[in-house]
Amino acid sequence: MKWMYAVAVIVLVVGYSCTTNQNHDQKKMNAFGLDYTKAWNSQKPEQVAAFFEEGGTLIVNKGEPIKSRSAITDFAKGFMTAFPDMELTMDSLIKKNSSYNYYWTFRGTNKGPGGFGSKVIFSGFEQWTMGSGGLIQMSLGTFDVDDYNRQVKGNSRNE
C-alpha cells in the first residue's frame with residue numbers, strides 16, 4: 001500500500017512540475033510577444049529586428065526570405081514609414097508543438113510618402129521558431145494581402 005502512495009506522490013510532483021514549467025514558459029513567451037508588439041509600435045524598426053537571432057529569417061506570405069537584422073529593420077521601416085500612426089496589437093500567442101503562433105491586428109493610416117491617406121485594419125499571424133538565444137530564428141508571417149491592398153487603395157470596409 002505504501003508503494004501506491006509513493007507512486008501517487010511522484011505522479012503529482014512530476015505533473016505539477018511539468019505544468020509549472022509550461023505556465024512559466026507561456027508567461028515568458030506572452031511577455032516576449034507583448035514586448036515585440038511594443039517594438040513594432042515604437043517607430044524604431046531596429047527594435048523589431050532585435051527580437052530576431054543574428055541569423056534570423058522573416059518570410060511574409062511565402063515571399064522571399066528576409067535574412068539578417070539589417071534586412072528585417074528595412075522591412076519594418078517600410079511599414080512604419082507608410083503608416084506613421086500604426087498600431088499593432090497582440091491578439092494572442094499560442095504554443096503549437098515546438099513553435100508559437102503570434103496573432104496580431106494592425107491599424108493605421110497610409111499617410112507616408114506616396115500614401116493614399118486611407119485607414120486600414122487587418123489581421124494576421126506569425127509562426128515563430130525560437131532560436132537557442134531565446135530570440136526568433138524563423139518567423140513565417142501571413143495576412144490577407146488582397147484585403148490589405150483594397151484598404152490601402154481606399155476601398156476599405158473600415159472607412
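## Chatting through a predicted fold

Me: Hi! Taking contacts between residues at least 6 apart in sequence, what share joins residues at least 24 apart?
Reply: Hello! That share is 53% in this chain. Keep in mind that the model is predicted.

Me: Good to know. What is the mean pLDDT of the chain?
Reply: The mean is 87, and 82% of the residues reach 70 or more. Over residues 6-20, though, the pLDDT is below 50, and this stretch has zero contacts in the model beyond near neighbours in sequence. Where pLDDT is low, the predicted coordinates should not be read in detail.

Me: Fair enough. How many helices and strands does the chain have?
Reply: There are four helices and six strands. Going along the sequence, their pattern is α-α-β-β-α-β-β-β-β-α.

Me: Which strands does E6 pair with, then?
Reply: E6, residues 136-143, runs parallel to E1, residues 52-60, with five bridges joining them. E6 also pairs with E5, residues 119-130, this time in the antiparallel sense and over seven bridges.

Me: Nice, one of each. Which residue in E6 stands opposite Val-60?
Reply: Val-60 has Gly-141 opposite. On the E5 side, Trp-128 has Ser-139 of E6 as its bridge partner.

Me: And the hairpin of E5 and E6, how many residues lie between the strands?
Reply: Five residues lie between them, and in this hairpin Gly-134 takes a positive phi near 85°.

Me: Switching to helices. How far does H3 reach from its first C-alpha to its last?
Reply: H3 covers residues 69-82, 14 in number, and reaches 20 Å, close to the 20 Å expected at 1.5 Å a residue.

Me: Which residues of H3 are buried?
Reply: They are Ile-72, Thr-73, Ala-76, Phe-79, Met-80 and Ala-82. As a general point, an α-helix has 3.6 residues a turn, so residues three or four places apart point the same way.

Me: Now Thr-109. Where is it, and is it buried or exposed?
Reply: Thr-109 sits in strand E4, residues 99-109. Its relative accessible area is 8%, and the cut-off for buried is under 20%, so Thr-109 counts as buried.

Me: What is Thr-109 in contact with, leaving aside neighbours within four places in sequence?
Reply: Its contacts are Ala-82, Phe-83, Pro-84, Asp-85, Gly-117, Ser-118 and Lys-119. Among them, Ala-82 is one of the buried residues of H3, while Lys-119 falls in E5, residues 119-130.

Me: Last bit: what about the chain's accessible surface?
Reply: The surface comes to about 9500 Å², with 57% belonging to carbon and sulfur atoms. Buried residues make up 36% of the 159 in the chain.

Technical notes:
Residues numbered from 1 in each chain as written. Predicted model: local features only at pLDDT ≥ 70, side-chain atom pairs only at ≥ 80, totals over all residues. Heavy atoms only, no water. Pairing = 2+ DSSP bridges. Helix = DSSP H or I, 4+ residues; strand = E, 2+ residues; numbered from the N terminus. Buried < 20%, exposed > 50% of the residue type's maximum accessible area, 1.4 Å probe, protein only. Contact = heavy atoms within 4.5 Å. pLDDT = per-residue confidence, 0-100. Areas by Shrake-Rupley, 256 points an atom, 1.4 Å probe, with all protein chains shown as cover. Expected span 1.5 Å × (residues − 1).
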